[in-house]
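Welcome! Let us get to know a new protein together, one question at a time.

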Amino acid sequence: MEEMSPDNIHGLILAVSSSIFIGSSFIIKKKGLKKAGVSGPRAGEGGYGYLCEPWWWAGMITMIVGEIANFAAYAFAPAILVTPLGALSIIFSSVLAHFILQEKLHMFGILGCVLCVVGSTTIVLHAPHEQGIESVKQVWYLATEPGFLAYSAVVIVVVLALIFYYEPRYGKTHMIVYVGICSLMGSLTVMSVKAVAIAIKLTFSGMNQFKYFHAWIFIIVVTICCLLQINYLNKALDNFNTAVISPVYYVMFTTFTILASMIMFKDWASQSGLQIATELCGFVTILSGTFLLHKTKDMGNSATSTRGATSQSPRETPVFINSGSTRSSNSSL
């Protein structure tokens, strides 16, 4: 194995720090959302009372710090290496959710998280090296090639369908709607963040990249995508279990980001059949972890409910689908 370059080490440190901050922000923000939901409409119902809640802002600031560290990491290391390290945020979110929010995660759910981490690590260890980028105009050229334009068009169409058709009908009962919007837009965000980070890094080195309009277009894309992600992530956190939102969001976000990176930067062109097969095994491992989380979604809270039905909020269970039978049984008590 080749020795890591100084830039990759810097990127690694920044990416790990980012995961710690972002993983913690999930819990802090949800605590604020729950407090805001007591005195007004919940975020999942279109309410914005959380904007007056200090806990939510504390979580937002924590997330911003994490995103800044993540942003800086893309200036030093390839996206296909930085993005999967977000798996560490799953660990912090799950542990904090267990102790702070009293959200139980069954041991099979923990195994699912481990599978997600192992699969992501496999992908990282066998990921191709990113090609050298010397100008933001070079990134613009890659982003406007037919392959990535087609991918971007598909993402935009699917996101619009999720927002205007599926979200009003299934958003509160199917977590995949909210997470899908955030993950798809996130893949475009990372590609634009990479471009902006490169522009900043080159500008500090003496080659001003912000004299080109391309850099400003990437900044606009980052802003729009981030606002959409924040809005729908809030709704997901308000309606579903944090301990499962984190790993599922991570799996989908990482998958779409790696796919976007392979299309845009043509990473597949430099890989052997063995490397591609190993990466596919990593994807299968991640999907297996997601499936295990889905099948054991209620087990963590079932033991708690047998000891005391009032200890678990009915809106927190189940995770992926809030069944009508659950609501009816609670309303009859």
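The questions below go from the whole protein to single residues.

This is a predicted model, in which local features need pLDDT of at least 70, side-chain atom pairs count only at pLDDT 80 or more, and totals for chains, interfaces and linings use all residues. Residues are numbered from 1 along each chain as its sequence is written, and side-chain values use heavy atoms, with hydrogens and water left out.

Q: How many helices and strands does the protein have?
A: Helices (H or I, at least four residues) and strands (E, at least two) are DSSP runs, numbered from the N terminus. Every element in the run from the N terminus is α. The count is 13 helices and 0 strands.

Q: What percentage of the residues count as buried?
A: Buried means under 20% relative accessible area, exposed over 50%, and partly exposed in between, with a 1.4 Å probe and protein chains only. The protein has 333 residues, and the buried share of them is 48%.

Q: Which helix gives the most residues to the largest nonpolar core?
A: A nonpolar core is a set of buried Ala, Val, Leu, Ile, Met, Phe, Trp, Tyr and Cys residues joined through side-chain atoms within 4.5 Å. The largest one has 61 residues, and Phe148, Met191 and Met264 have the most contacts inside it. Elements that give two or more residues to this core include helix 1, helix 7 (146–170) and helix 10 (242–265). The top contributor, with 17 residues, is helix 8.

Q: Why does this core lie between two domains, and which are they?
A: Domain bounds come from an automatic or database domain assignment. The core lies between the two domains because both give residues to it: domain 1 (1–102) and domain 2 (131–269).

Q: Is Ser19 buried or exposed?
A: Ser19 sits in helix 1 (residues 6–39). Leaving aside neighbours within four places in sequence, Ser19 is in contact (heavy atoms within 4.5 Å) with Leu85, Gly86, Leu88, Ser89 and Phe92. Its relative accessibility is 4%, so Ser19 counts as buried.

Q: How many Å apart in space are Gly186 and Phe253, C-alpha to C-alpha?
A: Gly186 is found in helix 8 and is buried, with a relative accessible area of 1%. Not counting residues up to four places away in sequence, Gly186 touches Gln229, Phe253 and Thr257. Gly186 and Phe253 are 67 residues apart in sequence, and their C-alpha to C-alpha distance is 6.4 Å.
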